[in-house]
Amino acid sequence: MRALIQRVTKARVSVDGSCVGECGAGAVILVCAMPDDTPVTVENLAGKIAKLRIFKDANGKMNLSLLQSGGQALVVSQFTLAADTARGNRPGFSGAAKPDVAERLYLQFVDALQTLGIETQTGQFGADMALELTNDGPVTLWLDTAD
């Protein structure tokens, strides 16, 4: 599973001009399920993200996790994180999990974050979405469970 995490002060995702999910201070998490991902992969990634110390403490140092900071999460599915750009100029996306599998794993990821106690909202799986965010820092991290 791949994830791009952005520390934000606020974010919202819309479909056809209507807001379907939003968060205040916390993280936007773009996720992409890969063919070999399992429920264990999902749980491990959610746990890792929840505990990443990327939020400022009272001294302004990145020393707090999403859990410790009380931040919120906005999780958006993004199959383009599986882009293969090795050949030509048009990215290929055949490395991503098939949509039915990807949606199941995406929903399990959201559930895992919520079970850990993180207030979580989502985009709409498979929809053409518009994502607005204010990146805080900026802090942006890439995680790939295959690494």
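Reader: Where is Pro138 found, and what joins Gly137 and Pro138?
Author: In this predicted model, Pro138 is found in strand β8. A cis peptide bond joins Gly137 and Pro138, with omega at about -5°. Most peptide bonds are trans.

Reader: What makes the phi of Asp16 worth a look?
Author: Asp16 is not a glycine, yet its phi is positive, at about 55°. Most residues other than glycine have a negative phi. Asp16 is found in the loop between β1 (2-15) and β2 (18-23).

Reader: Thanks! Why are α1 and α3 called oblique to each other?
Author: Happy to explain. Helix α1 (residues 39-51) and α3 pack at an angle of about 40°. Angles under 35 degrees count as roughly parallel and 65 to 115 as roughly perpendicular, and the rest, short of the antiparallel range over 145, are oblique. The pair is therefore oblique. Their axes are 9 Å apart, and α1 passes α3 in a right-handed crossing.

Reader: Which residues of α1 and α3 meet there?
Author: Pro39, Val42, Glu43, Leu45, Ala46 and Ile49 in α1 meet Leu105, Gln108, Phe109, Ala112 and Leu113 in α3. By class, that contact has nine nonpolar residues, one polar and one charged.

Reader: What lines the largest pocket, and which classes make up the lining?
Author: The largest pocket holds about 420 Å³ of space and is lined by 21 residues, with Ser77, Gln78, Phe79, Gly126 and Met129 nearest its centre. The lining divides into 16 nonpolar, four polar and one charged residues. At least two lining residues come from each of β3 (26-32), β6 (72-77), α3 (99-115) and β8 (129-144).

Conventions:
Residues numbered from 1 in each chain as written. Predicted model: local features only at pLDDT ≥ 70, side-chain atom pairs only at ≥ 80, totals over all residues. Heavy atoms only, no water. 1 Å grid on protein atoms, 1.4 Å probe; cavity = no way out; pocket = protein on both sides within 12 Å on 5 of 7 lines; lining within 4 Å. Points joined across faces, edges and corners; volume = space filled by probe spheres on them. Helix = DSSP H or I, 4+ residues; strand = E, 2+ residues; numbered from the N terminus. Nonpolar A, V, L, I, M, F, W, Y, C, P; charged D, E, K, R; others polar. Axes fitted to C-alpha atoms, helices over the stretch in contact; angles between N-to-C directions. Left-handed = near helix turned anticlockwise from the far one by under 90°. Contact = heavy atoms within 4.5 Å.
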